[in-house]
Every structure is written in C-alpha cells, then in structure tokens.
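Visitor: I am new to this structure, and I would like to take a close look at a single part of it. Could you take me into the interior and go through what is packed there, step by step?

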Amino acid sequence: QLQASGGGSVQPGDSLRLSCAASGRALREFTTAWFRQAPGKEREFVAAIRDRAHYAESVRGRFTISRDNAKNTVYLEMNSLKPEDAAVYYCAVGRAILSTYTLLSAYSYWGQGTEVTVSS
C-alpha cells in the first residue's frame, strides 16, 4: 500500500516536498516513481529511483527524488515550482527497468495522489 502526501497550494518559485510511504515490501527492492496529471492532460512521468535517480527533462535540476530505506518512504523535493508543475502527483511502484521507467505500464501499485497547485 502506498500513501502519498505533501501536496498543497504554493506560489511560483516556492518549494514543496512530497512523500510516498509504503507498507509491506521494501521500496528498495523496486523502482519507485512519481507521475503527475494536470487537468485535461495525460499522466506523465516525473522522476524515478531505484539504484539511481531519473528525471523528466521538464523537472531536471529543480526536483530531487530520494529514498529513506529506514522509513520505507520515497520523497520528491520540488523547488522553483512553476505554474505548469500544478497537477495531481501520484507515486507508483513496480519492477521498471532502464528502458521502461517512464511508462505507466511498468508500475503495478499506485498511491492515491496528492494535489499541487502553483499560482500567484
């Protein structure tokens, strides 16, 4: 089971940290990813981590994905937020590999989503 949290309403340039807490299996055994879906748009890949981190080009340098094995939690630190980052963010877990980590179909378990609003 995945529990996503940390969303909120912020202004452009602000920061937020999302959390994805897992119960059951250890996240370090899997690839954990963040996807996001804005209104009227398809769900898109944001970042993933297993042995290393991977990022969508649109967030590279602003977002950081990390994992705390002791807490079995994956975080998404989001800095310099832009209005186009506004979306519902979902965490997902699966056995994605290097060639598939951006694909929704590579993930078997999904959290409930946490909403991020960025506006002035």
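Guide: What follows is a walk through the interior of this chain, beginning with the whole and then turning to the core, the rings and the sulfur link.

Please keep in mind from the start that this is a predicted model. The protein chain contains zero helices and eleven strands, and from the N terminus on its elements therefore read as an unbroken run, β-β-β-β-β-β-β-β-β-β-β. The radius of gyration is 13 Å, close to the 14 Å that the globule rule gives for 120 residues, so the chain is as compact as a globular protein of that length. Along its principal axes, the C-alpha trace spans about 40 × 30 × 25 Å. Of the 120 residues, 45% count as buried, and among the contacts between residues at least 6 apart in sequence, 56% join residues at least 24 apart.

The part to look at closely is the largest nonpolar core, which has 38 residues. Those with the most contacts inside this core are Trp34, Leu76, Met78, Tyr89 and Tyr107. Many strands take part, for the elements that give two or more residues to the core are β1 (2–5), β3 (16–22), β4 (31–37), β5 (44–49), β7 (63–68), β8 (73–78), β9 (87–94) and β11 (114–118).

Met78 is a good place to begin, and its neighbours are counted here without residues up to four places away in sequence. On that count, Met78 touches Asp14, Ser15, Leu16 and Leu18, then Arg62 and Phe63, and finally Tyr89 and Val116. Tyr89, one of these neighbours, is itself named among the residues with the most contacts inside the core.

From there we can turn to Ser19, which is found in strand β3. Ser19 has a relative accessibility of 15%, and because buried means under 20%, Ser19 counts as buried. Leaving out residues up to four places away in sequence, Ser19 touches Gln3, Ala4 and Ser5, as well as Trp34, and also Thr73, Val74 and Tyr75. Trp34, for its part, is another of the residues with the most contacts inside the core.

The aromatic rings come next. A pair of aromatic rings is described by the distance of the centres and the angle of the planes. The structure holds five aromatic pairs. In one of them, the rings of Phe35 and Phe45 have their centres 5.7 Å apart and their planes at 75°, so this pair is edge-to-face. The pair links distant parts of the chain, since Phe35 lies in strand β4 and Phe45 in strand β5, ten residues apart. Both Phe35 and Phe45 are buried. Phe35 also forms an edge-to-face pair with Tyr107, at 5.4 Å centre to centre and with 75° between the planes. Here too distant parts of the chain are linked, with Phe35 in strand β4 and Tyr107 in strand β10 (residues 107–110), 72 residues apart. Phe35 counts as buried because its relative accessibility is 0%, and Tyr107 counts as buried because its relative accessibility is 5%. Ring pairs join Phe35, Phe45, Tyr101, Tyr107 and Trp110 into a cluster.

Rings can also be followed through the charges placed over them. Arg17 lies over the face of Tyr75, at 4.2 Å from the ring centre. In addition, the charged end of Arg43 sits over the ring of Tyr90, 3.7 Å from the centre of that ring.

The sulfur link completes the interior part of the walk. The structure holds one disulfide, formed by Cys20 and Cys91, whose sulfur atoms are 2.2 Å apart. The link of Cys20 and Cys91 is right-handed, with 70° about the S-S bond. Cys20 lies in strand β3 and Cys91 in strand β9, so the pair ties together parts that are 71 residues apart in sequence. Cys20 is buried, with a relative accessible area of 0%, and Cys91 is likewise buried, with a relative accessible area of 0%.

For contrast, we may end with Lys71, whose place is in the loop between β7 and β8. Lys71 is exposed, with a relative accessible area of 56%. Lys71 and Ala26 are 45 residues apart in sequence, while in space they are 9.5 Å apart, C-alpha to C-alpha.

Note on methods:
Residues numbered from 1 in each chain as written. Predicted model: local features only at pLDDT ≥ 70, side-chain atom pairs only at ≥ 80, totals over all residues. Heavy atoms only, no water. Core = buried A, V, L, I, M, F, W, Y, C linked by side-chain atoms within 4.5 Å. Buried < 20%, exposed > 50% of the residue type's maximum accessible area, 1.4 Å probe, protein only. Helix = DSSP H or I, 4+ residues; strand = E, 2+ residues; numbered from the N terminus. Contact = heavy atoms within 4.5 Å. Phe/Tyr/Trp six-rings, centres within 6.5 Å; stacked < 30°, edge-to-face > 60°. Lys NZ or Arg CZ within 6 Å of the ring centre and 35° of its normal. Disulfide = S-S within 2.5 Å. Rg over C-alpha atoms; globule rule 2.2 N^0.38 Å.
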